[in-house]
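User: I would like to go through this model claim by claim, and to hear for each label what it rests on. Please set each value against its criterion before you conclude.

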Amino acid sequence: MTIKSLGYLGVASGRAGEWDRFATRLLGMQRVDDAAGVQAYRMDDHAQRLIIEPSAREGLAYIGWEVESPADLEALSKRLIDGGHAVHVGAPSLARSRRVAELVWFNDPEGNRMEVFHGAERAHEPFAPGRPLSGFVTGTMGMGHAVLTMGNPAATMPFYRDMLGFALSDFGRTPYELYFFHINGRHHSFALVGTGQSGFHHFMIELKSLDDVGQAYDLAQLEPDCVSFTLGRHSNDYMTSFYMKSPSGFLIEYGWGGRVIDPETWVPHETFDGPSYWGHERLQMAEAQRLHLREMRLDAARRGLRAP
Ligand SMILES: [Fe+2]
């Protein structure tokens with residue numbers, strides 16, 4: 001596995017002001033004071049993790065994946081080029097604005113921009129959260145996870161598995177197709193969901209304390225239409241979390257207590273229990289799908305499903 005973690009996320013948005021309030025007051029990130037005027041946020045000792053790019057559209061701008069060294073970056077580029085993919089070398093000015101030593105970029109088969117880099121710049125000052133909290137779980141497990149939605153994830157899955165070297169954690173077929181991938185101890189750093197629509201489904205950030213999540217849950221309920229999935233626990237990565245609607249319309253999962261796996265011994269498998277043991281009621285979902293998911297949870301409860 002040459003890609004070792006999710007390094008950063010770029011969001012295209014025309015709602016800079018809304019994002020600033022959301023990222024700091026609700027998510028608890030730290031606004032980076034940058035002379036270049038880039039709207040960026042810290043979550044840990046990295047110089048930046050979330051970047052809001054001015055745009056007329058709302059959605060994902062790019063996902064930044066970290067490799068260890070220049071040699072790993074070159075090896076990955078070569079594999080992509082040999083596989084028939086166009087790989088662009090990021091100009092020094094682009095690397096500077098991403099605050100990394102070096103990067104390349106390319107599009108996945110669905111047209112989502114992926115960037116791969118090495119040498120993330122570290123901040124000189126300790127992380128100062130936007131609201132009182134105990135901090136984010138990052139380090140070797142990266143920023144969190146990112147989930148893309150598309151019409152036919154089975155067609156795109158081989159690109160991530162064979163070109164980027166992502167390892168399958170598990171997959172499900174109902175109520176829609178789901179593929180979860182790991183690149184480190186985090187159960188999944190990336191996933192593909194076959195909801196039928198193309199776009200950015202959500203990204204997840206993990207907190208060090210359940211109280212951080214609970215307090216955000218209280219704050220989010222004060223915002224109109226903000227909570228999209230109620231508090232619940234996922235059946236594959238064991239994350240206790242809730243989902244908020246971001247200013248750009250995609251979701252953000254705010255979680256605690258995710259499972260850490262051993263990538264050396266992990267065996268990929270199909271899952272049948274539905275996405276959650278309890279909770280995660282989809283408040284903005286169409287009635288039929290929502291009832292289907294609720295029935296899967298009630299079945300999990302009837303069977304007494306539990307996780308460590
Ligand atoms: Fe998630």
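User: Which residue is the bridge partner of His202 in β16?

Analyst: In this predicted model, His202 is bridged to Leu251 of β16. On the other strand that pairs with β13, the residue opposite His202 is Val147.

User: What makes β13 and β16 a pair, and in which sense, parallel or antiparallel, do they run?

Analyst: Two strands pair if at least two bridges are found between them, and six bridges join β13 to β16, residues 251–256. That count satisfies the criterion, and the two strands run parallel. The criterion is also met by strand β9, residues 145–149, which pairs with β13 over five bridges in the antiparallel sense.

User: Why is β13 called largely enclosed?

Analyst: A residue is buried if 20 or more other C-beta atoms lie within 10 Å of its own, and seven of the nine residues of β13, residues 199–207, are buried, so the strand is largely enclosed by the rest of the structure.

User: How do you know where β13 sits in its sheet, and which strands stand at the edges?

Analyst: The sheet is open, has ten strands with mixed pairing, and follows the order β17-β10-β11-β12-β9-β13-β16-β15-β14-β18, which places β13 between β9 and β16. The edges are β17, residues 269–270, and β18, because each has a single partner strand and is left with one side lacking a neighbour in the sheet. For β18 that partner is β14, joined to β18 by three antiparallel bridges, with Gly232 opposite Gly279 of β18.

User: What makes β15 a covered strand, and is the covering on one face or both?

Analyst: Six of the six residues of β15 are buried. The covering is on both faces, since Thr240, Phe242 and Met244 on one side and Ser241, Tyr243 and Lys245 on the other are all buried. In the sheet, β15 is joined to β14 by four antiparallel bridges, where Phe229 has Tyr243 as its bridge partner, and to β16 by six antiparallel bridges, where Ser241 stands opposite Gly255. The hairpin of β15 and β16 has five residues between the strands, and Gly249 in the turn has a positive phi of about 100°.

User: What makes the phi of Tyr238 worth pointing out, and where does Tyr238 lie?

Analyst: Most residues other than glycine have a negative phi. Tyr238 is not a glycine, yet its phi is positive, at about 60°. Tyr238 lies in the loop between β14, residues 227–234, and β15, residues 240–245, and the hairpin these strands form has five residues between them. A second case is His280, a residue other than glycine whose phi is near 55°, located in the loop between β18, residues 276–279, and α6, residues 287–302.

User: Why is Tyr238 given its exposure class, and is His280 buried or exposed?

Analyst: The buried class needs 20 or more other C-beta atoms within 10 Å, the exposed class 12 or fewer, and what lies in between is partly exposed. Tyr238 has 16 such neighbours and therefore counts as partly exposed, whereas His280 has 25 and is buried.

User: How do you know whether the overall size agrees with a compact globule?

Analyst: For 308 residues the globule rule gives a radius of gyration near 19 Å, and the protein has 19 Å, so the two agree. The C-alpha trace spans about 55 × 45 × 35 Å along its principal axes, and buried residues make up 40% of the protein.

User: What is known about the two domains and the contact between them?

Analyst: The division is into domain 1, residues 3–120, and domain 2, residues 139–302, and their C-alpha centres lie 21 Å apart. To the contact, domain 1 contributes 29 residues and domain 2 contributes 30. On the side of domain 1 that touches domain 2, the elements giving two or more residues are β1, α1, β5 and α2, and β1 gives the most, with nine residues.

User: Which residues have the most contacts inside the largest nonpolar core, and from which domains does this core draw?

Analyst: The largest nonpolar core has 65 residues, and those with the most contacts inside it are Leu9, Val116, Phe181, Ala191, Ile205 and Tyr254. This core takes at least three residues from each of domain 1 and domain 2.

Definitions and conventions. Residues numbered from 1 in each chain as written. Predicted model: local features only at pLDDT ≥ 70, side-chain atom pairs only at ≥ 80, totals over all residues. Domains from an automatic or database assignment. Contact = placed C-beta atoms within 7 Å. Rg over C-alpha atoms; globule rule 2.2 N^0.38 Å. Core = buried A, V, L, I, M, F, W, Y, C linked by C-beta atoms within 7 Å.
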